[in-house]
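Visitor: I am new to this structure and would like to ask a few things about it. Please show it first.

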Amino acid sequence: MRLHTAMKTAAVVAATAMLAAGCGGGSEGDGGSAADGPVELTFWTWAPGMEETVAEWNAANPDIQVTVNKQDGGDPAITKLLTAIKAGSGAPDLMQTEYQKIPTLVAADALADLSDVLPEDLADRYADGTWESVTLGSDAVYGVPQDSGPMQFYYRADIFEQLGLEVPETWDEYAQVAEQLHTADPSKYLGTFSANDAGWFTGLAQQAGASWWGIEGDSWSVDIDSEPTQKVAEYWGGLVEQGVIDNKPMYTPEWNAALNDGSQVGWLSAIWAPGVLEGNAPDTAGKWAMAPMPQWEAGDTATGNWGGSATSVTSQSEHPEQAAEFIAWMNGSQEGVNALVEYGSLYPADLDAQGEALAEPPAFFSQQADFYDIAAETAQGVQPFTYGPNVNVAYSAYNDEFGKATEARTADAFLAAVEAMQTATVDDLKNAGFSVAE
Amino acid sequence: MATLTSSRPAARPARRSAGLTPVRERAQRPSFWPTAILLLGALYCLFPVLWVLIASTKSAGELFSTFTLAPSTHLWDNITELSAYRDGVFWRWMANTALYAGVGGLLSVVVSAMAGYGLAKFRFAGKSAIFNIILAGVLVPGVVLAIPQYLLLAQVGLTNTYWSVLLPSIISPYGIYLARIYAAASVPDDVLEAARTDGAREWRVFTSISMPMMVPGLVTVFLFQFVAIWNNFMLPYIMLGDDRLFPLTVGLSGLLNQGASQPAMYTSVITGALLSILPLAALFLTLQRYWQVDLAAGAVKA
């Protein structure tokens, strides 16, 4: 072992020498940018359409050239970034940061504070709640919101019509429709409870009024095992126990097959759902429709968020000013936002630019002309929610605990899973040295 | 030159005897059960390949809706779509993989040959200790080393470069171990003595006499290492951030992990998987003879 490492060190030293001697073909490192020549920025992202959007910027700004490095979606890229931050080199200049990951990244000192380098009135372009998720309630700004993911209910309008079902407006009605549908055709389900998608469940809990983390003075508080989340878990546990809702995870080949053959008739999803449906079940085009989320109280307009990201500058970037200039253009100007919608079909967080950019419904929902009007209404109802510094732990606890609960198929198991999530999250915060208010 | 010609007869009888044994066995009638079990094994191994082959002919809609083994006609469309994805980045990944596996494999062979030959034919202090440590290295999975290697390379600023994948691939404890076995078995001491008596320096003895005798063994080392690098996922996954440097494994997995808000590109991944095993299959079919003969030879001699 020891020799092994020693040999490798020798190899590294040798290679460094080779690089120094000018044999470093192919390395596109970000080191040593010359004073003259354009500033080169690397951008880790997995959002669709980023390359085309960046190409527009690059064409207009020869002095600030951005290179997109497409990453695996979600957690892997964040893990990679955290590793690079710890190692002291290898991080990009710009990073796509999902809102729920920002506290984790800030706690790891991975993001640069942009409050001095962003235009002052930029904050006015975003909803207060959205802007707060990049400031975390402080004076610092850790990124600029790019898109958001307000949740809606997507359903197969053709099957609803064929079976004479009403679109549910409350969760009680949702449960009834789920039962009617499953009774009428036992192969069909109105939805599935996915133990793989913690972000999805978080959105449902958010709609019910949960906020899983909070700051109390100098301490974090964890509030997962509380009334709203318990209500959501018990409701879904009941539906799964009854057997009228499927218990298989989403984003699996089986789920794709079920979308194609019409055995998944509804999907509680977010504004980006058309793209996923189009990719997974292209032949069902024109058969889907979108409606606001079912409500806990009839007449409410509450919803949660699933997905949505900001764009941040990493603490390793040597050009935060230029990077901020690029972000402000991409996420906070009419031109940039138009590009985000045109190339990536994102749902922009920039409210000022939204109207012009979202004139047409997405192609997969072309028959629903008021698609983005409904979306804008639902987006108003996104409930406040605070994320903590160990979202990853809470989410993996969700996967483990609800994985067991969906196998057990009882409402009690669902409640126990919520309790276990709370314990795992609090324990981890304490182990990591945060003070936790109880 | 005299030493060269004299060396060949010494090596030949050994190989011929290794090649003769199967001929004698072939004369016997194959018994039913072993054949049946082997056929089952072959089916088990080949079925996934067949699945990939069939699935890659289906369109995105058909993939999840038609019968598993019913082929369709969209193979060419799928290849076109995959090639068009982000200006043909798939072919860049293919070229990267060929570079990592080809160059990494060759460099690894050179290091293995030198180290193995040195360990087999020279006496020096700490020889058995070094060999034992290398043997222990065979037992340590590369995955375990990936993170320390990342931190190490990050210190010299080499992460996210071609070097970050190539350098760790060069040293293969298993390759050194194999090379030592082959060197011990196929390079007779007498020949080396003769060469030295004729005035050849050690470097020349190694390059002109020992290396040619070790070639079949080194092909095996090359194949092992080539396949290992071709299939390696963890190391490049950790080392690389720039998707233009990705090998196929990391690139294709990225097409599946698009995040919740985008569909996974199943058809492109399946088509990509099919295309990515073709070079390996070709390599195996062309170099298979070396592989078989030398595994047998190594086994007999060791």
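Visitor: Which residue is the bridge partner of A:Trp220 in strand 10 of chain A?
Guide: This is a predicted model. Strand 6 of chain A covers residues 219-222, and 2 bridges join it to strand 10 of chain A, the two running parallel. In strand 10, the partner of A:Trp220 is A:Val436.

Visitor: Which strands stand at the edges of the sheet in chain A?
Guide: The open sheet has 3 strands in the order 5-6-10, with mixed pairing. Two of these strands have a single partner strand each, so one side of each is left without a neighbour in the sheet. They are strand 5 (213-216) and strand 10 (436-437) of chain A.

Visitor: What angle does the direction of helix 17 of chain A make with that of strand 6?
Guide: Helix 17 of chain A, residues 411-431, packs on the sheet and touches strand 6 and strand 10. Its direction and that of strand 6 of chain A make an angle of about 165 degrees.

Visitor: Which element gives the most residues to the side of chain A that touches chain B?
Guide: In all, 49 residues of chain A are in contact with 41 residues of chain B. Elements giving two or more residues to that side of chain A include helix 3 (75-87) and helix 10 (253-261). The most, 9 residues, come from helix 1 of chain A.

Visitor: How many residues on that side of chain A are charged?
Guide: The side of chain A that touches chain B has 18 nonpolar and 22 polar residues. The charged residues there number 9.

Note on methods:
Residues are numbered from 1 along each chain as its sequence is written. Chains are lettered from A and ligands numbered from 1 in the order in which they are written. This is a predicted model: local features need pLDDT of at least 70, side-chain atom pairs count only at pLDDT 80 or more; totals for chains, interfaces and linings use all residues. Two residues are in contact if their C-beta atoms, placed from the backbone, lie within 7 Å. Helices (H or I, at least four residues) and strands (E, at least two) are DSSP runs, numbered from the N terminus. Ala, Val, Leu, Ile, Met, Phe, Trp, Tyr, Cys and Pro count as nonpolar, Asp, Glu, Lys and Arg as charged, and the others, Gly among them, as polar. Two strands pair if DSSP finds at least two bridges between them. Axes are lines fitted to C-alpha atoms, for helices over the stretch in contact, and angles run from 0 to 180 degrees between N-to-C directions.
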